[in-house]
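Grab a viewer and work through these exercises one by one. Each task comes with a solution in steps, so try it yourself before reading on.

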Amino acid sequence: VQLDHLRQVVVKTVNFIRAHALNHRQFKQFLDDIDAEYGDVLYYSEVRWLSRGNVLKRFFEIQQEIAMFMVHKDNEIEELSDPAWIADLAFLVDITHELNLLNVKLQGRDQLITSMFDHVRGFETKLLLWERQVRSGNYYHFHCCKSIKDTNANAVMNDELYATKIKQLHSEFQRRFSDFRSNDCLFKLFSLPFSV
């Protein structure tokens, strides 16, 4: 899912807060003063995939606090007041969360290739469902997007763009796991020998 314009703003903002000790202390104190739900913003790491999703989610959850802090520091982030940008960020947070869940299922020791491929196939099926739902404006499985729609009936959700991104993600999964599909008959023989 290529939404780099979102990631760049998030990384720039998080780095502004976390890279300078004074800004970081002031931000933590600011969150403490306003009794925010979270006490800090997570640091972005390019190397760790799971940390990206966590950073995006935390950023989304405290976006209003971040916007107020950045205004206070005379470094206003215009995107944080743009409803369309916020909606795009919500979509990215939701889809990244789902990818992280899949990633965790595929990790670990003593897993059989057949069960791992079942997780991938299950995720591909979910992508098809989500594409249809999002195209019709249904964000039931996307909690951040749903929260935006629930709090603001006039929210700007780009259903067609999000459905297209999900479709592209499904196509990418199909392409990347095509080798596994060619061995599907062998997997069935291994996992369900009496069905062959």
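**Exercise 1. Find the aromatic pairs and sort two of them by geometry.**

Let's start with the count: searching the whole structure turns up 12 aromatic pairs. To pair, rings of Phe, Tyr and Trp (its six-membered ring) need centres within 6.5 Å; planes under 30 degrees apart are stacked, over 60 edge-to-face, and the rest tilted.

Step 1. Take Phe30 and Phe69: their ring centres are 6.0 Å apart and the planes sit at 45°, so this pair is tilted. Phe30 belongs to helix α2 (residues 21-33) and Phe69 to helix α4 (residues 63-72), so the pair ties together parts 39 residues apart in sequence. Helices here are DSSP runs (H or I, at least four residues; strands are E, at least two), numbered from the N terminus.

Step 2. Check burial. Both Phe30 and Phe69 are buried, where buried means under 20% relative accessible area, exposed over 50%, and partly exposed in between (1.4 Å probe, protein chains only).

Step 3. Now Phe117 and Phe180: with centres 5.6 Å apart and planes at 20°, the pair is stacked. This pair also links distant parts of the chain, as Phe117 is in helix α6 (residues 113-135) and Phe180 in helix α9 (residues 178-182), 63 residues apart. Phe117 is buried at 2% relative accessible area, while Phe180 is partly exposed at 27%.

Step 4. Finish with the cluster. Phe117 and Phe180 are part of one aromatic cluster, together with Phe91, Phe123, Trp130, Tyr139, Phe142, Tyr162, Phe173 and Phe177.

**Exercise 2. Before trusting any of this, ask how confident the predictor is.**

Step 1. You're looking at a predicted model, in which local features need pLDDT of at least 70 and side-chain atom pairs count only at pLDDT 80 or more, while totals for chains, interfaces and linings use all residues. Residues are numbered from 1 along each chain as its sequence is written, and side-chain values use heavy atoms, leaving out hydrogens and water.

Step 2. Read the pLDDT, the predictor's confidence in each residue from 0 to 100. The protein's mean is 88, and 94% of its residues reach 70 or more.

Step 3. Which elements have the lowest and the highest mean pLDDT? Helix α10 (residues 184-191) is at the bottom with 74, and helix α8 (residues 159-176) is at the top with 96.

**Exercise 3. Describe how α5 and α7 pack.**

Step 1. Helix α5 (residues 83-106) and helix α7 (residues 143-151) pack at about 145°, with axes 7 Å apart. The axes are lines fitted to C-alpha atoms over the stretch in contact, and angles run from 0 to 180 degrees between N-to-C directions.

Step 2. List the contacts, meaning heavy atoms within 4.5 Å. From α5 come Ile86, Ala87, Ala90, Phe91, Val93 and Asp94; from α7, His143, Cys144, Cys145 and Ile148.

Step 3. Sort by class: eight are nonpolar, one polar and one charged. Ala, Val, Leu, Ile, Met, Phe, Trp, Tyr, Cys and Pro count as nonpolar, Asp, Glu, Lys and Arg as charged, and the others, Gly among them, as polar.

**Exercise 4. Does the length of α1 add up, and which of its residues are buried? Work it out.** Step 1. The expected span is 1.5 Å times one less than the number of residues. For the 15 residues of helix α1 (residues 4-18) that should be 21 Å, and the end C-alpha atoms are 21 Å apart, which agrees.

Step 2. In α1, the buried residues are Leu6, Val9, Val10, Val11, Thr13, Val14 and Ile17.

**Exercise 5. Look up two residues with unusual phi values.**

Step 1. Recall the background: most residues other than glycine have a negative phi.

Step 2. Asp74 isn't a glycine, yet its phi is positive, about 55°. Asp74 lies in the loop between α4 and α5 and is exposed at 75% relative accessibility.

Step 3. Asp110 also has a positive phi, near 60°. Asp110 sits in the loop between α5 and α6, exposed at 76%.

**Exercise 6. Trace the surroundings of Gln63 and His119.**

Step 1. Gln63 is in helix α4 and is buried, at 14% relative accessible area. Leaving aside residues up to four places away in sequence, Gln63 touches Leu80 and Ile86.

Step 2. His119 is in helix α6 and is partly exposed at 30%. With residues up to four places away in sequence not counted, His119 touches Leu102, Lys105 and Leu106.
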